[in-house]
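Hi,

Here is the structure I promised to pass on. Have a look at it first, and my notes follow underneath.

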Amino acid sequence: MIINKLRIAVLLFTSFALASAGYAQNITSSGMNGTVTDAEGNSVAGATVRIVHVPTGATKTMTSSGNGSFAARGMRVGGPYSVTASFDGYQSTKVENIYLTVANVTDITIAMADAADIQELDEFVFTEEQEGLFNRDVRSTVTRLDEVRVLSVASADRSLNELLKLNPKITVDKDFGSFTAAGINARYNNVTVDGAPVNDPFGLNSNGQATRNGPPVSIDAIESIEINTAPFDIRQSKFTGAAVNVVTKSGTNQFHGSAYYYWRDSDQFGDNENGQAFDPVFTEKTYGGTIGGPILKDKLFFYFNYEKLERDRSGSSVGLTGSGASNIFPATQGEVDEIIDVAQNVWGLQPGSATGADVLNDEVEK
């Protein structure tokens with residue numbers, strides 16, 4: 001009887017572990033499908049295909065199948081990639097400047113010319129086909145942003161929300177700093193960085209995210225973003241609003257670095273329709289830097305980013321009944337004094353006062 005109970009317990013634990021693993025699965029890589037043909041469009045079987053990630057020198061080598069196709073998975077997002085196809089009797093053909101996006105498979109076709117006919121060609125034109133938003137293979141409303149698109153979006157507060165608005169189903173709430181997908185509550189979204197969830201499971205932030213201005217990673221450290229709403233894909237779960245998949249950068253064979261500083265305050269905002277100055281008064285500065293490069297060329301790389309946000313803003317006017325403050329706490333000074341006395345003398349606590357702070361300080365490190 002004891003042995004049977006142990007078996008049941010082991011089976012339940014194993015099932016739970018497998019379910020948890022599948023439940024937390026996220027896609028953080030990309031892929032490539034290709035076809036090798038001759039000049040007339042016939043399939044070339046047995047061709048050697050060499051795929052190179054140019055910035056790092058990482059290489060994948062494979063052979064085209066009987067119908068001339070090849071496939072590569074688990075590839076790093078971004079690029080550029082170069083693909084070279086070679087086969088006896090054909091001129092080796094190289095295709096360059098291919099960029100991959102997260103959770104997306106790029107389709108390419110490589111047309112090889114006969115070695116005897118190569119001198120007769122004036123030029124070689126390659127056409128790349130990438131999966132787009134209106135493609136029959138797309139299973140949901142997906143928006144994919146590469147590094148160039150991420151850095152080209154104007155963002156006053158340098159938050160992820162400014163990037164998410166590029167998806168037509170996303171709405172950003174400026175008051176709470178949250179985003180919703182097709183009207184679903186912001187806490188039903190799932191934001192991941194390199195596959196790790198960075199949500200707010202305890203409900204500490206009004207925007208439902210890890211920090212007040214998005215995930216704990218700077219936009220300067222983002223390589224690619226996938227914004228997915230209602231996918232028909234069993235590999236993605238743990239959300240009913242939107243799944244935001246952020247993939248961070250890595251180093252390359254070249255050393256690169258940057259330093260930046262941003263400043264804004266309430267003086268940069270215009271007066272309202274009544275001629276009154278922008279309220280609340282605030283000062284905000286953001287500074288940081290990046291550096292990346294090789295540890296072992298073509299094999300091992302590093303990338304480091306640090307960013308800090310410092311914000312000072314005026315506090316709200318809070319007071320007790322009869323104080324004339326804009327925000328009234330319904331209690332008298334005598335009642336508050338009694339609460340403070342009990343907290344200090346009975347429980348040993350320091351509860352503070354019933355008045356609000358004149359200045360609110362906020363710091364966020366990424």
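The protein has 21 strands and four helices, and do keep in mind that this is a predicted model. Of its 366 residues, 38% count as buried. I also looked at contacts between residues at least 6 apart in sequence: 60% of them join residues at least 24 apart.

One sheet to look at is an open one of four strands, paired antiparallel in the order β3-β2-β5-β6. The edges are taken by β3 (58-63) and β6 (93-100), and each has a single partner strand, so one side of each is left without a neighbour in the sheet. On average, neighbouring strands here are turned by 20° against each other, ignoring direction.

If you zoom in on β2 (residues 48-53), you'll find that six bridges join this strand to β3, the two running antiparallel. To pick out one pair, R50 has T61 in β3 as its bridge partner.

Then there's the largest pocket, with a volume of about 830 Å³. Its lining is made up of 26 residues, and the ones nearest the centre are D157, K174, D175, R264 and R311. What kinds of residue make up the lining? Nine are charged, nine are polar and eight are nonpolar. As for where they sit, α3 (160-164), β17 (282-296) and β18 (300-314) each supply at least two residues of that lining.

That's what I have so far. Shout if anything is unclear.

Cheers

Note on methods:
Residues numbered from 1 in each chain as written. Predicted model: local features only at pLDDT ≥ 70, side-chain atom pairs only at ≥ 80, totals over all residues. Heavy atoms only, no water. Pairing = 2+ DSSP bridges. Axes fitted to C-alpha atoms, helices over the stretch in contact; angles between N-to-C directions. 1 Å grid on protein atoms, 1.4 Å probe; cavity = no way out; pocket = protein on both sides within 12 Å on 5 of 7 lines; lining within 4 Å. Points joined across faces, edges and corners; volume = space filled by probe spheres on them. Nonpolar A, V, L, I, M, F, W, Y, C, P; charged D, E, K, R; others polar. Buried < 20%, exposed > 50% of the residue type's maximum accessible area, 1.4 Å probe, protein only. Contact = heavy atoms within 4.5 Å.
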